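Morning, everyone. Please bring up the sequence and the structure, and we'll walk through them together.

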Amino acid sequence: MKMELVATSAFGLEAVVRRELEGLGLKVLKTEDGRITYTGDERAVVRSNLWLRSADRVYIKLAEFRAETFEELFQQTGAVPWEQFIPPDGEFPVEGTSVKSKLHSVPACQSIIKKSVARRLGEVYASARLPETGLLYKIRFSIMKDRVKILMDTSGTALHKRGYRVVDVAAPMKETLAAALVQLCYWRGDDRLLVDTCCGSGTILIEAALWARNIAPGLNRTFVSQDWDMIPAEIWKEEKSAAFGAINYEKKLNILGMDINGRAVRAARANAEEAGVDEDITFRKADMTGYMPEVSNGIIITNPPYGRRIGDDDDMPQIYSHLAQILDRDPSWSLFMITAAKGVEDKYFCRKADRRRKLYNGQIMTQYYQFHGRKPQ
């Protein structure tokens with residue numbers, strides 16, 4: 001069955017997710033703030049959930065219409081063929097948002113949509129009362145300037161929950177953002193040294209290793225749509241089998257992570273082992289201000305501490321100054337750094353970054369600074 005699908009993402013990562021979708025052979029229809037709409041069938045739902053590294057969730061788009069009254073919302077919601085998606089015992093909670101719309105009360109909209117879906121299903125299944133004791137079919141609506149979109153969540157738990165993070169540290173980065181940082185840097189899973197000088201629980205480097213080895217990020221987790229009747233179990237089996245077969249076991253990776261916090265290093269090792277990439281990454285307890293690379297053409301990708309995140313304001317000048325020293329000593333090195341600190345280019349690096357991108361680390365607005373090293377001859 002051909003459907004419109006929607007992959008959501010953090011602001012600033014839409015282009016990354018779009019490239020991922022196109023890399024999966026899926027046709028993108030449009031890109032908006034925080035969401036990418038594309039077409040696909042049941043197999044595309046499975047493939048998207050298994051393979052998208054930087055998206056938050058995958059939805060089926062069920063309807064889009066204009067509604068200025070509750071009656072319009074009720075009637076047009078009821079026009080959706082809900083019985084094609086939700087069985088007689090399906091649980092279907094409703095959540096959503098409303099912005100700059102006449103129907104501004106979210107609880108009221110939730111209630112109207114819930115009643116409309118229940119009436120449609122009750123009529124089709126000839127049941128005055130729906131038990132909702134079965135599988136979960138979460139409905140999400142968004143109303144923007146009286147334009148209503150109704151979606152169904154196929155992911156369940158958010159896609160950043162890969163399942164490998166068994167030990168956490170303070171202010172961990174979401175796996176989806178870490179994967180995007182890797183895809184936005186110059187490293188392509190080659191034998192160049194990749195270093196995270198403030199690795200924390202190891203998320204950036206683990207995502208780098210998973211990407212380099214072509215390990216599907218959703219391979220070792222479950223999704224809410226896995227048991228839905230509308231997606232044959234055989235498709236899940238085939239796509240997971242294909243994902244296992246696509247893993248590159250032969251590539252040699254050169255990845256180093258360091259952190260001054262011994263607990264963080266132990267957490268990173270445990271997480272890498274759970275992800276199956278512990279042999280690809282060397283983790284070391286070390287003060288990054290004492291690190292000076294001994295090889296050329298390496299890449300640093302890092303999420304150094306900044307005050308709003310974990311309150312390490314005192315360490316920031318030393319960290320940024322030392323990163324600048326590494327680039328000054330060997331111009332062949334590249335640096336990719338995400339931070340909320342202001343003025344780091346002029347204050348510490350005495351030059352503008354070659355590129356910068358505004359990203360959100362949780363609720364914190366950051367810049368992803370990209371200092372490109374001299375290209376190897």
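Let's start with a helix. Helix α1, residues 14-23, lies across three strands: β1 (3-8), β2 and β3 (35-40). Against β2, helix α1 runs at about 175°. Keep in mind that this is a predicted model.

Another helix now. Helix α3 covers residues 70-78 and packs on the sheet. Which strands does helix α3 touch? β4 and β7. The direction of helix α3 makes about 125° with that of β4.

Now the sheet itself. How many strands does the open sheet have? Seven. Read the order with me: β2-β3-β1-β4-β7-β6-β5. The pairing is mixed. Find the edges next. They are β2, residues 27-32, and β5, residues 94-99. Each edge strand pairs on one side only. From one strand to the next, the twist averages 30°.

Zoom in on one pair. Strand β4 spans residues 57-66, and strand β7 spans residues 147-153. In what sense do β4 and β7 pair? Antiparallel, over seven bridges. Here is one position to click on: Ala63 stands opposite Ile150 in β7.

Last stop, further along the sequence. Find Asp328 in helix α10, which covers residues 316-329. Is Asp328 buried or exposed? Its relative accessibility is 62%, so Asp328 counts as exposed; the cut-off for exposed is over 50%. Now pick Phe349 as well. Asp328 and Phe349 sit 21 residues apart in sequence. In space, their C-alpha atoms are 8.8 Å apart.

That's my tour. Over to you.

Technical notes
Residues numbered from 1 in each chain as written. Predicted model: local features only at pLDDT ≥ 70, side-chain atom pairs only at ≥ 80, totals over all residues. Heavy atoms only, no water. Helix = DSSP H or I, 4+ residues; strand = E, 2+ residues; numbered from the N terminus. Buried < 20%, exposed > 50% of the residue type's maximum accessible area, 1.4 Å probe, protein only. Pairing = 2+ DSSP bridges. Axes fitted to C-alpha atoms, helices over the stretch in contact; angles between N-to-C directions. Contact = heavy atoms within 4.5 Å.
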